[in-house]
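Here's a quick walk through a protein model, written for someone who would rather be at the bench. Have a look at the fold before reading on.

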Amino acid sequence: MSDNFGLSGDAKAKLLARLANRAPTQAEAHAHAKPPLGRPEVAADLAMVKRAGEALGIRNPYFRPHEGIAGATTVIDGKSYDNFVSYNYIGLNGDPRVSQAAKDAIDLYGTSVSASRIVSGERPIHRDFERALAEVYQTEDAIVLVSGHATNVTVIGHLVGRDDLILHDSLSHNSIVQGALASGAQRIAFPHNDMDELERLLGTARANANRALIVVEGHYSMDGDIPDLARLVAIAKAHGAYLMVDEAHSLGVLGARGHGIFEHSGVNPADVDIWMGTLSKTLSGCGGYIAGSAELIDYLKSSAPGFVYSVGLSPPVAAAGLESLRIMHDEPDRVARLQANGRHFLEAARRHGLDTGPSIGAAIVPVMTGSSIVAARAADRLFDMGINVQPIIYPAVPEQAARLRFFLSSLHDTAQLDRVAKAVADVLAEVRSERIDLGALASRLAAE
Ligand code: PMP
């Protein structure tokens, strides 16, 4: 790809030298010798998607700046939209009580603890928050870290190693995959939610491994479906494997009190060895947590690189999380409203003949389009109509799995959901009826 006004680095160096009427210096001559950073195949895919978007006249749907609190509606570029792209599941981000708790913590501790908790970054609010999280999972203890993604990477990467085996769901979040790669363990992705296959793979590979770790999510963020937790517990027990569940999209979403997949499934939380979650969704912050035995948490606090060598959670973030948990417990109707909205939107979409995949209608409802172009065009047109929804397109998902993905919140109302479901059905019918000249598009992309 060229940059610098359409010139490659090499051409630019030579042009500058020519304009200066001299031979290129050694540094200039070698300026082009460095291959571009990053993975060429990824860059090529991204460039192809960008060019295809431009060729089809579709605006870039990414990095849109929201000008206020993103809830059931949001403001982008001065215009209000029905919003389906935020994980503000039970409406606590922007709740005045949560914001006030964060402000109070700033007044008390400042905006940063400026150091790893082990050395001088510990504040009482860290432990208060961790104890409250441990109570949710009825575990002995919990630990909070500054990033949800980094939590999975550092914890998975630190708990198992070369002689071990990790089996994770094939639709696992990138952070789980990165953690598994960092660990050096043998890594097997089992087909999504396929418990028979998991059991078969475990049966084959378990004997050669010292420890085995099964990692799943409690609520999958692409499809809005859930695993069979009781079966997972039984499989893990039968094969002497540890079980880890990422509850990023389950806390505040599943179960009557929002306690997640164990509450939804009626499973004893003690049967899961490692509970993981993020602070960025229901807990209105930014960071990750692990809940488990005192021994596990103590080990992580003393040695997990992403905890020991990283700053403690920012005080306002800890306070916002703690207050969010308090409100989640005190106002379970928020969870009930979210669940009712999820069901309502799922049913409305289905009534309009939309394909919602395997979603259970909790907080995530995909509308499958089967084509990246259809998904991108539909999202673009819905945006014009004041509806903000993300298209999920290749290479994020395989081409045939392209979709529009709706995140629901307790803040949405049913009239809004009915209106949006109809608009989506109308727009998809319109987009599908339009001929897309794939031949012309392909030759245009090939020519560039
Ligand atoms: N796990 C899952 C299942 C996720 O969906 C995400 C992000 N959405 C993460 C971990 C990472 O969390 P964060 O964005 O809070 O870093």
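## Strands that pair up

Two strands count as paired when DSSP finds at least two bridges between them. Keep in mind that this is a predicted model. With that cut-off, strand 2 and strand 11 (residues 387-388) make a pair, since they share 2 bridges and run parallel. One spot to look for is Asp82, whose bridge partner in strand 11 is Ile387.

Strand 2 (residues 79-83) also pairs with strand 1 (residues 73-76), this time antiparallel and through 4 bridges. Together, strand 1 and strand 2 make a hairpin with 2 residues between them. Asp77 sits in that turn and has a positive phi of about 55°. Beside the turn, Ile76 has Lys79 of strand 2 as its bridge partner.

## Two domains

The domain assignment splits the protein into domain 1 (46-89 + 332-438) and domain 2 (96-330). So what does the contact take from each domain? It takes 20 residues from domain 1 and 24 residues from domain 2.

The centres of domain 1 and domain 2, taken over C-alpha atoms, are 28 Å apart. Between them, the two domains bury about 1,700 Å², with 60% of that on carbon and sulfur atoms.

## The nonpolar cores

The largest nonpolar core has 89 residues, and the members touching the most others are Ile214, Leu229 and Phe406. Helix 17 (residues 414-433) is the top contributor to this core, giving 9 residues. Both domains chip in, as the core draws at least three residues from each of domain 1 and domain 2.

Zoom in on Leu229 and you'll find, beyond its neighbours within four places in sequence, contacts with Leu243, Val245, Ile261, Phe262, Ser265, Val267, Val272 and Trp275. Apart from this core there is another one, of 22 residues, including Val155, Val160, Ile176 and Ile274.

## A closer look at Ser183

Ser183 belongs to helix 8 (residues 174-183). Is Ser183 buried or exposed? Its relative accessible area is 8%, so Ser183 is buried, given that the cut-off for buried is under 20%.

Setting aside residues up to four places away in sequence, Ser183 touches Ile156, Gly157, Val160, Gly161, Arg162 and Ile166. A polar atom of the Ser183 side chain also lies 2.7 Å from the backbone oxygen of Ala180. For a sense of scale, Ser183 and Tyr87 are 96 residues apart in sequence and 29 Å apart in space, C-alpha to C-alpha.

Definitions and conventions
Residues are numbered from 1 along each chain as its sequence is written. This is a predicted model: local features need pLDDT of at least 70, side-chain atom pairs count only at pLDDT 80 or more; totals for chains, interfaces and linings use all residues. Side-chain values use heavy atoms; hydrogens and water are left out. A nonpolar core is a set of buried Ala, Val, Leu, Ile, Met, Phe, Trp, Tyr and Cys residues joined through side-chain atoms within 4.5 Å. Buried means under 20% relative accessible area, exposed over 50%, partly exposed in between (1.4 Å probe, protein chains only). Domain bounds come from an automatic or database domain assignment. Contact means heavy atoms within 4.5 Å. A polar contact is a pair of N or O atoms within 3.5 Å; within protein, one must be able to donate a hydrogen and the other to accept it, and residues adjacent in sequence count only if both atoms are side-chain atoms. Buried area is the accessible area (1.4 Å probe) that two parts lose on being put together, summed over both.
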